[in-house]
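Biologist: Could you take one part of this model and go through it closely, following how its helices pack on a sheet and on one another? I would like a connected account rather than a list.

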Amino acid sequence: MIRRKATWNNPPDRGVKYGMGLFETIKVIDGKPQFLRLHLERLIRGVDFVGIQAPGLYEHILDEIASLPIQGNNTVSLTVADAPNGYNILVSSEVRNHNPYRELGLKVTASAPAIRDAYNPLNRFKTCNYLLNYLTHNRAREKGFDEVLFLNQFGGVTEGTFTNFFFIKGNKVLTPPPSEGLLPGVFREVLTDALRSAGIEVEERRILFSEDIGRMDGAFVTNSLIPMERVSEIDGVALGVPPLYLRILDIARTLDPTIPTAE
């Protein structure tokens, strides 16, 4: 066996060595980044929390995005990482398939090998420590699942590997609060505000997997690139398409017109 020794011109900074960085992935529709302010505000909060020295970062990012040749439907990726003399920044754009919707809904498992720690303050930020999510998602896909639902140490529902979860019970929408150990997504926030403005009750509360999931009428997930997608089953528990889901779908399409119409 030949072993090679990696050589660094300089000692690796904390951004590389410890994953001390934040990132955002922003959907672009017709050349316009969606909910840009909310994405940047979340990123700046994370930068401040982990202690990256980045004066003028907000304006710097706006300048970098303005210099990108963004056209049509696209994606902007932002990464800010700690560096010895301040910060490193990477801003790029790429074309992605934003809507790989599954007509039959998502098949989800909650049998992840790891749990979310409800007390971990980093859950609130989109840090560069995302390897657990990436590996968990890929290994679940190999077993035939579309997404994984992480539970916390109390058996409560938190989030998916790349999504936030909502549940429908009667005429009410339920979703776990960030205090359960999840990243509060940008589209989660926007959709919640829109539903409440439309008179739909959205309650943030602890949802115990063992006790509550089998009582739900329906479920769906959200994220910024694939804004809303229905969940058809979780570990063999079938979830239907209640009338409220169709109403929510119509409201979501006013926020993102790329969301397909009802299945």
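Modeller: In this predicted model, a good place to begin is helix α2, which lies across β1 (21-29), β2 and β3 and runs at about 175° to β1. Helix α3 (residues 57-66) packs on the sheet as well, where it touches β2, β3 and β4, and its direction makes about 30° with that of β4.

The sheet beneath these contacts is an open one of four strands, arranged in the order β2-β1-β3-β4 with antiparallel pairing. Its edge strands are β2 (32-33) and β4 (86-94), each of which pairs on one side only. Between strand β3 (residues 74-83) and β4, which run antiparallel, there are nine bridges, and within this part of the sheet Val76 stands opposite Ser93 in β4.

The two helices also meet each other. The axes of α2 and α3 come within 10 Å and cross at roughly 135°, and α2 and α3 are therefore oblique to each other, with a crossing that is right-handed. On the α2 side the contact is made by Leu36, Arg37, Leu40, Leu43, Ile44 and Val47, and on the α3 side by Leu57, Tyr58, Ile61, Leu62 and Ile65. Sorted by class, the residues of this contact of α2 with α3 comprise ten nonpolar, no polar and one charged.

From α2 the path of contacts leads on to another helix, α5 (residues 186-197). The axes of helix α2 (residues 36-50) and α5 come within 10 Å and cross at roughly 130°, so that α2 and α5 are oblique to each other, and α2 passes α5 in a right-handed crossing. Here Leu38, His39 and Arg42 in α2 meet Val186, Glu189 and Val190 in α5, and the residues of this contact of α2 with α5 divide into three nonpolar, one polar and two charged.

Helix α5 has a place in a strand arrangement of its own. Strand β9 (residues 172-175) pairs with strand β10 (residues 201-204) in the parallel sense, over four bridges, and Val173 stands opposite Val202 in β10. Between these strands the chain crosses from β9 through α5 to β10, in a β-α-β crossover that is right-handed.

A further helix meets α5, namely α7 (residues 243-255), and the axes of α5 and α7 come within 10 Å and cross at roughly 120°. These two helices, α5 and α7, are therefore oblique to each other, and α5 passes α7 in a right-handed crossing. The residues that make this contact are Phe187, Val190, Leu191, Ala194 and Leu195 of α5, together with Ile248, Ile251, Ala252 and Leu255 of α7. By class, the contact of α5 with α7 has nine nonpolar, no polar and no charged residues.

Val190 is one of the α5 residues that meet α2, and Val190 is also among the α5 residues in the contact with α7. To retrace the part as a whole, α2 lies across β1, β2 and β3, α3 touches β2, β3 and β4, α2 passes α5 in a right-handed crossing, and α5 in turn passes α7 in a right-handed crossing.

How values were computed
Residues are numbered from 1 along each chain as its sequence is written. This is a predicted model: local features need pLDDT of at least 70, side-chain atom pairs count only at pLDDT 80 or more; totals for chains, interfaces and linings use all residues. Side-chain values use heavy atoms; hydrogens and water are left out. Two strands pair if DSSP finds at least two bridges between them. A crossover is right-handed if, with the strands pointing away from the viewer, the path from the first strand over the helix to the second runs clockwise. Axes are lines fitted to C-alpha atoms, for helices over the stretch in contact, and angles run from 0 to 180 degrees between N-to-C directions. Angles under 35 degrees count as roughly parallel, over 145 as roughly antiparallel, 65 to 115 as roughly perpendicular and the rest as oblique. A crossing is left-handed if the near helix is turned anticlockwise from the far one by less than a right angle, and right-handed if clockwise. Contact means heavy atoms within 4.5 Å. Ala, Val, Leu, Ile, Met, Phe, Trp, Tyr, Cys and Pro count as nonpolar, Asp, Glu, Lys and Arg as charged, and the others, Gly among them, as polar.
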